[in-house]
Amino acid sequence: MWPIDSSDAVCAWTRAGMESDCAAELIERAAVAGVAGWCRTGDGLVEFHPTPAEQLPTLARTMAFRELVFIRQWFARFAICRDLPPDDRIAPLARAAAVIPQPVSAIRMEYPDTDAGRPLARLARVLARPFETAIARGPGFQPDRGGPVLHCALLDGSTALLGLSDAANSAPWPLGIPRLRAHRQAPSRSVLKLDEAIARFLSDNERATWLRPGRTAVDLGAAPGGWTWLLRHYGVTVSAVDNGPLAQSLIEDPGVDHRAEDGFQYRPRRPVDWLVCDMVERPHRIARLLAEWLSRGDCRHAIVNLKLPMKQRWQTVSSQVDTIAAALPGDGRLLANQLYHDREEVTLFATRSPLTR
Ligand code: SAM
């Protein structure tokens, strides 16, 4: 977030249906930062209003976007533009944006990722270039110069929110939705979950050093093999554990060892670099399994999917995260996120390695 004088709320994009979990998380995390507040939930969008509003800069300083679970993207709102005329929406948006005190480094046109909001994608595309031109003439548009990111969130054809975020403390993609390659050869669409997790949690440097030939992985609940396929794509050697059948291309791959065993019983003979796990099980069982692998040093890094209940999802995630965090060394890291390609689930990333960026 990047609050300015007229900022009044933190706006957070989340998955439709998970607004109350997003609100519970924001309220709890703000309280930890010493900031009270309340939330208004909309369609895939949650507003957090600090009380008093002057507390917004405290949140911006203390809350790390990377640590948030149910928030895909966020910004500090500084204007609500209503009654935008259909024949010239840009002029009132540009007038409202005139309060931005310095050139912006990026502009993100956004809209709710919901059934009602998706039809606004076309309008967002049409407005993008003229809005950019207007901003360049006003506060200025200087990519890669370290200025704030400007968000223009269309709520319908005549209403938009304007807000700012810090490029280093927000998602690098509009709405927090990464553009991923299609991976047409992969045996399942689940591949996108692991691909997004890698994009979201690992730095370029970590990806290059931790995912390359010579690295080893265990994939629990591997069939039909989307995650194993992606690990092989990076050259990682994989033990794929599942009683179900793997795709033929993986059975023929000498870099894949298919083990038809129970994922809760299986243990590697030697420690591996990676544990990945997509078994459909109750979250506390998966969290306990991951904690065991990490505390015994059976794996160095892990990406694990946690299936969530229909209610109290934030409470479920935060209690399981505590179990896993206790199994990590002091300089280890644990992150969780409700990814765009997740459904009723969140994806966890844990590493015993300290931060190297
Ligand atoms: N990640 C996989 C992919 O990319 O193709 C999809 C995994 S699918 C959602 C869940 C898998 O977990 C199923 O193939 C199921 O057989 C497996 N599974 C569930 N319980 C298991 C257990 N106790 N041991 C091993 N595999 C298990």
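**Exercise 1. State what share of the protein chain is buried.**

Solution. Buried residues make up 56% of the 357 residues in the protein chain. Buried means under 20% relative accessible area, exposed over 50%, and partly exposed in between, with a 1.4 Å probe and protein chains only. The model is predicted: local features need pLDDT of at least 70, side-chain atom pairs count only at pLDDT 80 or more, and totals for chains, interfaces and linings use all residues. Residues are numbered from 1 along each chain as its sequence is written, and side-chain values use heavy atoms, with hydrogens and water left out.

**Exercise 2. Compare the radius of gyration of the protein chain with that of a compact globule.**

Solution. The radius is taken over C-alpha atoms, and the globule rule is 2.2 Å times the number of residues to the power 0.38. For 357 residues the rule gives a value near 21 Å. The protein chain has 22 Å, which agrees. Along the principal axes, its C-alpha atoms fill a box of roughly 65 × 40 × 35 Å.

**Exercise 3. Find the disulfides and account for the state of Cys 81 and Cys 152.**

Solution. A disulfide is a pair of cysteine sulfur atoms within 2.5 Å. Searching the whole structure gives zero disulfides. Cys 81 is in none, the nearest cysteine sulfur being that of Cys 152, 7.3 Å away. From Cys 152, the closest cysteine sulfur is in Cys 81, and 7.3 Å is too far for a bond. Cys 81 counts as buried because its relative accessibility is 7%. Cys 152, at 0%, also counts as buried.
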